[in-house]
Amino acid sequence: MKRHARRAGSKTPVRAGLLATSMLQNHVCDGLGAVKRDLRSAMHDDTRALFADSLDLDAALAADHPAEHRWDHLLGHASTRRILAVEVHAAHTSDVGVVIRKKKAAKQQLQAHLAAGAQVSSWIWVPSGKVGFVPMERAVLRLSESGIVFAGSKLQTKHLP
């Protein structure tokens, strides 16, 4: 169940990072309310309670960017107040370039929505199934050079700020 409740005087990390006039504000949910099932199942149990808010960025931007790459989610890390971008995607060698292009597109798409000084502090890729990188080291290096953390099998606290 999605919860779009907003507490008066209290802004969660994603809400605070967005312009007050951004149409994305209407899509932000408390906790993991905006997170799709594929990401919930790809999160380690310990990490689920660490988020104050969430945004299904893919769905929120679909109407304005129907033919473009779109990143999956923005999550507001409660203790650090940082915004994390999390992508759940197949993890094969051919997908490395796709995920890098998704990040570039998301950064452009978010420019019109982020408040002054706000930024996504971490871009994290969580595989949606079996990892099939050949060779693994080169794929992870490409991702690292592009500022993307590869989470391996599940999103864990060690991947968070």
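These exercises, each with a worked solution, walk through a predicted model.

Local features here need pLDDT of at least 70 and side-chain atom pairs count only at pLDDT 80 or more, while totals for chains, interfaces and linings use all residues. Residues are numbered from 1 along each chain as its sequence is written, and side-chain values use heavy atoms, with hydrogens and water left out.

**Exercise 1. The sheet**

Find the strand order of the open sheet and name its edge strands.

Solution. Start with the elements: helices (H or I, at least four residues) and strands (E, at least two) are DSSP runs, numbered from the N terminus. Next, look for pairing, which requires that DSSP finds at least two bridges between two strands. As a reminder, strands of a sheet pair through backbone hydrogen bonds, either parallel or antiparallel. Tracing the pairs gives an open sheet of six strands in the order β1-β2-β3-β4-β5-β6, with mixed pairing. The edges are β1 (28-30) and β6 (148-150), each of which pairs on one side only. From one strand to the next, the twist averages 30°.

Now zoom in on one pair. Strand β5 (residues 120-132) and β6 run parallel and are joined by three bridges. Trp 123 has Ile 148 in β6 as its bridge partner.

**Exercise 2. Helices across the sheet**

Work out which strands α4 and α5 lie across, and at what angles they run.

Solution. Axes are lines fitted to C-alpha atoms, for helices over the stretch in contact, and angles run from 0 to 180 degrees between N-to-C directions. Contact means heavy atoms within 4.5 Å. Take helix α4 (residues 95-110): this helix lies across β3, β4, β5 and β6, and runs at about 155° to β4. Then take helix α5 (residues 136-145), which lies across β5 and β6 at about 150° to β6.

**Exercise 3. The nonpolar cores**

Identify the residues with the most contacts inside the largest nonpolar core, and the element that gives the most to it.

Solution. First, collect buried residues, meaning those under 20% relative accessible area; exposed is over 50%, and partly exposed lies in between (1.4 Å probe, protein chains only). A nonpolar core is then a set of buried Ala, Val, Leu, Ile, Met, Phe, Trp, Tyr and Cys residues joined through side-chain atoms within 4.5 Å. The largest such core has 27 residues, and those with the most contacts inside it are Leu 24, Leu 55, Leu 57, Leu 74, Leu 110, Trp 123 and Trp 125. At least two residues come from each of α3, β4, α4, β5, α5 and β6. Helix α4 gives the most, with five residues. Finally, a second, separate core of 15 residues includes Leu 32, Phe 51, Val 86 and Leu 155.

**Exercise 4. An aromatic cluster**

Classify the ring pair Trp 125 and Phe 133, and find the cluster they belong to.

Solution. Rings of Phe, Tyr and Trp (its six-membered ring) pair if their centres lie within 6.5 Å; planes under 30 degrees apart count as stacked, over 60 as edge-to-face and the rest as tilted. The whole structure holds four aromatic pairs. For Trp 125 and Phe 133, the ring centres are 5.5 Å apart and the planes stand at 65°, so the pair is edge-to-face. Trp 125 counts as buried because its relative accessibility is 0%, and Phe 133 is buried at 9%. Together with Phe 150, Trp 125 and Phe 133 form one aromatic cluster.

**Exercise 5. Salt bridges**

Examine the salt bridges of Arg 15 and Asp 58, and say which parts they tie together.

Solution. Side chains of opposite charge can pair when their charged atoms come close. The criterion is a side-chain nitrogen of Lys or Arg within 4 Å of a carboxyl oxygen of Asp or Glu. The structure holds six salt bridges. In one of them, Arg 15 meets Asp 30, with the closest N and O atoms 2.9 Å apart. Arg 15 lies in helix α1 (residues 13-17) and Asp 30 in strand β1, so this pair ties together parts that are 15 residues apart in sequence. Arg 15 and Asp 30 are both buried.

Now turn to Asp 58, in helix α3 (residues 57-61). Its side chain meets that of Arg 70 in a salt bridge (2.7 Å, N to O). Arg 70 sits in the loop between α3 and β3, so the pair ties together parts that are 12 residues apart in sequence. Both Asp 58 and Arg 70 are buried. To finish, widen the view: Lys 36, Asp 56, Asp 58 and Arg 70 are linked in a network of salt bridges.
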